[in-house]
Amino acid sequence: MKLASLKQGRDGHLVVVSKDLTKYTDAGHIKPTLQAALDDWDIAAPKLAQLAEEIEVGSVPTERFHEHDCDSPLPRAYQWADGSAYINHVELVRKARGAEVPESFYSDPLMYQGGSDSFLGPRDAIPLKDKAWGLDFEAEVCVITGDVPMGASREAALDQIKLILICNDVSLRGLIPNELAKGFGFFQSKPSSAFSPVAVTPEALGPAWKDAKLHLPMLSTYNGKAFGKPQCDVDMTFDFGTLVAHAAKTRPLGAGSIIGSGTISNRDPDGGAGKPVADGGLGYSCIAEIRMIETIRDGQAKTPFMDVGDTIRIEVKDTAGHSVFGAIEQEVVKA
């Protein structure tokens, strides 16, 4: 099934959406919000799934589904932790500044804890106060969990993955170096992220969800031009079971926790760092990655970060070309 939160109050209003994202029916009589459904998932999920079936056969009232009416599925969440599962991205970051990748990065996931009290909706503008802050998008896959006990195994963590969605993990690259130099991690450099209009159960993804990975391409369109189309399962060093278990190593995760994959990043078939879409490559899921490749190749980055008026669209389509989660489509505006 596919679930969305229409803009209403702080936590949205829960609706069930048709498979083709064309219509929805109200789910407020089951649970008013997605968080409330996740808090009581074993009871709520079967009722929501029945409602999803009734939409498909036309036995419940429906209304036209408009993605721009949506907030992020969880407009705010108890937990947002983002990993860096694609080592190609990490290798490029390190190589661009002449540093080696520590061996532990290949066996122990990177992860940071982000702000989760004010997510952007999938069609909300991205506010930018200062161009020098280096605004960037990051196209990612995320999962929403149920209650994950502390110390859960990978297999136990997998059982608690309730929903999958996609994300624009907005970053301010110009602020990152000074923050990391303090040795205390990201904060100001990670403003509000945005998530897809709908969140989808693993079962509804069918063969596209396998081995705790999404087996579809991540499509990024920047200012109307194709920017990236890497495969989400390829070069993913750590699957979502591993990422969720990593997050729960020393603490339980409450229902409604969101765990991200980090920037989707593929190598070229010949093992190279990756070429732009315009050059026949799979492109990139963030501007920083092409800038790192330019730095390695030419000695300096040439592609600018985002500015007021720039647009980004992030979407995943199935093998038939249909949108799976709906699209994140945002414009940068002056804060």
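His66 counts as partly exposed in this predicted model, because its relative accessibility is 35%, a value that falls between the limit for buried residues, under 20%, and the limit for exposed ones, over 50%. To find His66, look in the loop that runs between strand S4 (63–64) and strand S5 (70–71). A useful comparison of sequence and space starts here, since His66 and Val101 are separated by 35 residues along the chain, while their C-alpha atoms lie 44 Å apart.

From this loop we can move on to strand S6, which covers residues 79–83 and contains Gln79. Is Gln79 buried or exposed? With a relative accessibility of 10%, Gln79 counts as buried, because the limit for that class is under 20%. The side chain of Gln79 is joined to the side chain of Gln113 by a polar contact of 2.6 Å. Leaving aside residues up to four places away in sequence, Gln79 touches Gln113, Ser116, Arg251, Leu253, Gly256, Ser257 and Ile258.

Another enclosed part of the chain is helix H7, made of residues 240–247, where six of the eight residues are buried, so the helix is largely enclosed by the rest of the structure. The buried residues are Phe240, Gly241, Leu243, Val244, Ala245 and Ala247. What covers these buried residues of H7? The cover includes helix H4 (154–159) as well as several strands, among them S7 (111–113), S10 (139–145), S11 (161–168), S15 (209–210) and S19 (257–260). At the N-terminal end of H7, Asp239 acts as a cap, with a side-chain oxygen placed 3.1 Å from the backbone nitrogen of Gly241.

Stepping back to the whole chain, we can count eight helices and 21 strands. The radius of gyration is 19 Å, close to the 20 Å that the globule rule gives for 335 residues, so the chain is as compact as a globular protein of that length. Along its principal axes, the C-alpha trace spans about 60 × 45 × 40 Å. Of the 335 residues, 53% count as buried, and among the contacts with a separation of 6 or more, 72% are between residues 24 or more positions apart.

The outside of the chain can be described as well, for the accessible surface comes to about 14700 Å², with 51% of that area belonging to carbon and sulfur atoms. As for charge, the chain carries 34 positive and 46 negative side chains, and the centres of these two sets lie 4 Å apart.

Key:
Residues numbered from 1 in each chain as written. Predicted model: local features only at pLDDT ≥ 70, side-chain atom pairs only at ≥ 80, totals over all residues. Heavy atoms only, no water. Helix = DSSP H or I, 4+ residues; strand = E, 2+ residues; numbered from the N terminus. Rg over C-alpha atoms; globule rule 2.2 N^0.38 Å. Buried < 20%, exposed > 50% of the residue type's maximum accessible area, 1.4 Å probe, protein only. Contact = heavy atoms within 4.5 Å. Areas by Shrake-Rupley, 256 points an atom, 1.4 Å probe, with all protein chains shown as cover. Lys, Arg positive; Asp, Glu negative; His and termini not counted. Charge placed at Lys NZ, Arg CZ, Asp CG, Glu CD. Polar contact = N/O pair within 3.5 Å; in protein donor to acceptor, adjacent residues only side chain to side chain.
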